[in-house]
Structures are given as structure tokens and as C-alpha cells.
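Colleague: Hi! Could you walk me through this one? I'm new to reading structures, so plain words please.

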Amino acid sequence: MPESPVVPLFGPGTRLRPAVPIGVTDCFAIGIGPSSSHTVGPMRAAHRFARDVLEQGDADGVTAVTVELFGSLALTGHGHQTDVAVLLGLSGWLPETVDPDAVDGIVEAVRTTRSITLDHRRIIPFDPDRHLLFRKDRVLEGHPNGMRFTACERDRPVLAREFHSVGGGAIVCREDAGRPPSGHNANAPYPFTSAAELLAMARGAGLSIAGVILANERALRDDRDTFAFLDTVRSAMMDSIERGCRREGMLPGGLNLRRRAPALHRDLNAAPPDRAADPLHGLDWVSLYALAVNEENAAGGRIVTAPTNGAAGVIPAVLKYYETFCQGASPEKARDFLLTAAGIGALYKTRASISAAEMGCQGEVGVACSMAAGALAAVLGGTPEQVENAAEIGMEHNLGLTCDPVRGLVQVPCIERNTMGAVKAINAARLALRGDGTHLVPLDAVIETMRQTGEDMRSKYKETGLGGLAVNVVAC
């Protein structure tokens, strides 16, 4: 297949989408920070390419691999550690398998030896300065987050692949275009592509949103395996909160930001009884939970992509709030929370995008807020209509949110923005539960509005680091 054209950075282009319906395991993944689109996706793409190289017939003749990063991956790739992710993936590591504490050593070995061991198996020369190229003024047609991998025998290309990181760590390979999808929900009893369909199926079957999603997951695996996955996700979320509350120090990247969660954690634990009587005291804890997760993410620690790394603190913070401050919490309710959130997240991934390079931060923190709001409403006893209302409120008041990371780092404004998303999700759920589920703006309409807003948003406000706070804050 010929290479897809490169187009000007601010030019138009068709958008690629995953070719299969979205399941629970597509909405949550355990990996490392700081970015799902810029770190997790490129690592997976590089890992797949390394395996493709080694599995082709003339792999022994490959003498070089070149990687080109385009668009947003090039513009903010250093701050998001895209270069690190590519080296890890080519070396055979995946986000869920690599030890975060070993990353620096793996990367330093590549840079020092100017060689890389493809998929842990075959050493070839690799100089990051010559073989890992940042094409900052161009994008591959199809998506702002594009990568091109080329393997050569001497100067002759023998294998090439193009990938797009489309949000949440998901990748689309251009060479797969036209192949029939192996849809996750091909035999699902309740296939849906809209919130209206999801609500109608829930009403018709007398099920909750979580019940519909769980029934669909049964087409893929036994309930015990689904519950084990959800319990693992929940544990990883709680672990990231705990680590973030405990680990002191400065965040990497040069902004000289000190981790705030440990000091806030100590302060809240030492609060006198009169402060605990403050009706908003619980929101201080919610902010702490979100800060802790996103500081872990910014430091490259282990977190849950939920639905993205940049928004990884919202859902854990709201789930922790539910388990700590609300009555009736249980492991079963935590599963319902995550199932409901996944159902809402699937709508955004199917009908729009969760990529900040396409949608701005409305597609990350906005989507996470919507997912968390609907999930909280569900476990607090909301009807499917109230759940849909909560999810709609959560997104409606994040519309137009830009992505403008200072110095291309997932730190400012990203870390605090997660606290705002979590608090807003709780408010959205409570507001929806005060009503009967009827409301003017349907969730489908607000998702479509988000998509249109993202399409109309100028590229400099979509994770390129060329506008907003990224240019108006002087990072010394």
C-alpha cells in the first residue's frame, strides 16, 4: 500500500475511527503515564511494528528502523514522552508490562549504545537522533496523531507501517484499512450506537445501564472474568491514589512543580473536628484523590487510562468519593459504577472521539466527567433516564474546553483540571438525581455538539502546545 500523504499541520483531513464496537476493556486499561495518545498508543504501535519486522520472511536482513512522528505527536512529543514510548515499544515493552521504575534504564541503554533490541530478540543499530524524527510542521492524513515506521535492509525499505493514536491508547493501522472488523459485540444481545438506543434497550429489558453493558460483555467472556477485570481496574485506581498521596518530590519535565497531594493528604488527616463539619469538606478529599492520580500520571507512574491518561484522575476520584462518603458502597456497586461509565464512554468513542488532538480537553476531562457523573448517579439509585441526564450535564458544561499544556507536559493545567472535572461530575449526578430524568438536551445531542465543536476548534488549542496557556505562561 502506498504511503498516505502528509498534509499541512493546519489542513483538513479525514478522521480514522476504530473499526469495532467498544467494550469494557476498551474503556479502561492499566498502563503508565503521562499520556494515552502520546505515550500508550505510540508504545503499542512500536511494539506491534517490532513484532511485524521479526515475523516477516527476511527479518534477518533488516539493518535499520526509522520512526517519524507527525502533528501533535511531534509538537508535544517530548513533553508527553512519546520518544520514550517508541523506544520502549520497539524494545518489546507494553504499557501494562513495563515496570515504571525501569523505564529510565531501558531508554538510557538505547541512547548510550545507539542500538535497540527489537522485541527483546534482535539487536540492530538505532540512534534516536537519526532514527526517531519529529515532523512538527506536517500531519499524516487521517488523524493529528500519526506515526510512520520503516524498516530497511541497507537503504532499501522492506516493511512500512502507518499508525494513528486515536485516543485512550487505541491505535489504528492504515494497512488494516478494508479488512473486515472482528467486532467485540458481534453477538451482543443489546447492540447500541446511541444513548437513545441504550435507554430504549434498558427500558425494554427492565435492566439498568450497567445490566445492559454486563449482558453484552457475556458475549465475550464469563461474568467471573469480567468481574475480575473490573476489580483489577478498581484496585489499580485506588493504588494510584494511595501512591500519589504518599510520594513526595518534584514532577519531571522542568516546570519545577512539587507534588501537592502528600501535603494536602497530611493536612486533611490533621483537620480539627470543626473543619470536618464543613459541608464541603468532602470535596477537599475529592480534589486530593484526583491530584494524587494525575501527579502519578505526570511522573510516568502506573495509572488506569479512564478513558485517557490526561483525564485519569476524574473517575477514580468520584469512585473513591462514593466508597468513602456515600452509604451502600460495595464491591458489586463499584462494578456497576465502572460498567455504567464504560457504557457512556463507548458512546463518545463511537460517535465522536476522546482524543485531545481532535476534540481538545472536552474530549478528555469532559468525557471523563460525563462518564463519572452517570456512573455516580447509577450507584446512588438513579434510573437509566437520570443516569443519561447526569452524563449529559457533565459534558454540556465542559463544551469548548481546550487542550493547552504548558511545555507539552501533562501537568498545567491538566492536574488541577482533573479536580474540577471530578467535582463537576458529583454536582452533575446530584442535580440529575433531584429530577425525574426528563430534560431538554439529550446526551446524543451533546455528544454531537462536542464533536462539532472539536472539528471547529482551531488546531492550536488541541494538544499542539501552540495556543492558550501553553504560550501565555512563561515556563522558566
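Modeller: Happy to! One term to begin with: helices here are DSSP runs of H or I with at least four residues, numbered from the N terminus. Also keep in mind that this is a predicted model.

Colleague: Got it. So where is L443 found?

Modeller: L443 is found in helix α19, which covers residues 443-456.

Colleague: Is L443 buried or exposed?

Modeller: L443 has a relative accessible area of 2%, so it is buried; the cut-off for buried is under 20%.

Colleague: And which residues does L443 touch, leaving out those up to four places away in sequence?

Modeller: With those left out, L443 touches A195, L347, Y348, S370, E388, A391 and E392.

Colleague: How far is L443 from L339, C-alpha to C-alpha?

Modeller: They are 18 Å apart in space, and 104 residues apart in sequence.

Colleague: Let's switch to aromatics. How many aromatic pairs does the structure hold?

Modeller: It holds 4 aromatic pairs. Take W285 and Y289: their ring centres are 6.2 Å apart and the planes sit at 40°, so this pair is tilted.

Colleague: Why does 40° make the pair tilted?

Modeller: Planes under 30 degrees apart count as stacked and those over 60 as edge-to-face, so the 40° between W285 and Y289 falls into the tilted group.

Colleague: Where do W285 and Y289 lie along the chain?

Modeller: Both lie in helix α12, residues 281-298. They are 4 residues apart, which is about one turn of the helix.

Colleague: Are those two buried or exposed?

Modeller: W285 counts as buried at 15% relative accessibility. Y289 is buried as well, with a relative accessible area of 4%.

Colleague: What sits over the ring of Y289?

Modeller: The charged end of K320 does, 5.9 Å from the ring's centre. There is also an arginine example: R335 lies over the face of F227, at 4.6 Å from the ring centre.

Colleague: And which residues form an aromatic cluster?

Modeller: F49, F149 and F163 form one.

Colleague: Back to α12. At what angle do α10 and α12 pack?

Modeller: Helix α10, residues 261-269, packs with α12 at about 155°, and their axes are 9 Å apart. That angle makes α10 roughly antiparallel to α12. The contact involves A261, P262, L264, H265, L268 and N269 of α10, and on the α12 side H281, D284, W285, L288, L291, A292 and E295.

Colleague: W285 again! What about α9 and α14, at what angle do they cross?

Modeller: Their axes cross at roughly 90° and come within 10 Å, with α14 covering residues 331-351. The two helices are therefore roughly perpendicular to each other. On the α9 side the contact is made by F227, L230, D231, V233, R234 and M237, and on the α14 side by A334, R335, L338 and L339. You met F227 and R335 a moment ago, as the ring and the charge over its face.

Colleague: Nice link. Where is T226?

Modeller: T226 is in helix α9, residues 223-246. T226 is buried, with a relative accessible area of 1%. Setting aside neighbours within four places in sequence, T226 is in contact with L214, E217 and R221.

Colleague: New topic: backbone oddities. Which peptide bonds are cis?

Modeller: One is the bond from G33 to P34, with omega near 10°. P34 is found in the loop between β2 and α2. Another cis bond joins V412 and P413, where omega is about 5°. P413 is in the loop between α17 and α18.

Colleague: Why point those out?

Modeller: Most residues other than glycine have a negative phi, and most peptide bonds are trans.

Colleague: Then which residues have a positive phi?

Modeller: Q81 is one of them, with phi near 60°. Q81 is in the loop between α3 and α4, and at 23% relative accessibility it counts as partly exposed. R114 is another, with phi near 50°. R114 is found in the loop between α5 and β4 and is partly exposed, with a relative accessible area of 47%.

Colleague: Last one: is N187 buried or exposed?

Modeller: N187 is exposed, with a relative accessible area of 67%. N187 is found in the loop between β10 and α7. The C-alpha atoms of N187 and A219 are separated by 6.0 Å, although the two are 32 residues apart along the chain.

Note on methods
Residues numbered from 1 in each chain as written. Predicted model: local features only at pLDDT ≥ 70, side-chain atom pairs only at ≥ 80, totals over all residues. Heavy atoms only, no water. Phe/Tyr/Trp six-rings, centres within 6.5 Å; stacked < 30°, edge-to-face > 60°. Buried < 20%, exposed > 50% of the residue type's maximum accessible area, 1.4 Å probe, protein only. Lys NZ or Arg CZ within 6 Å of the ring centre and 35° of its normal. Axes fitted to C-alpha atoms, helices over the stretch in contact; angles between N-to-C directions. Parallel < 35°, antiparallel > 145°, perpendicular 65-115°, else oblique. Contact = heavy atoms within 4.5 Å.
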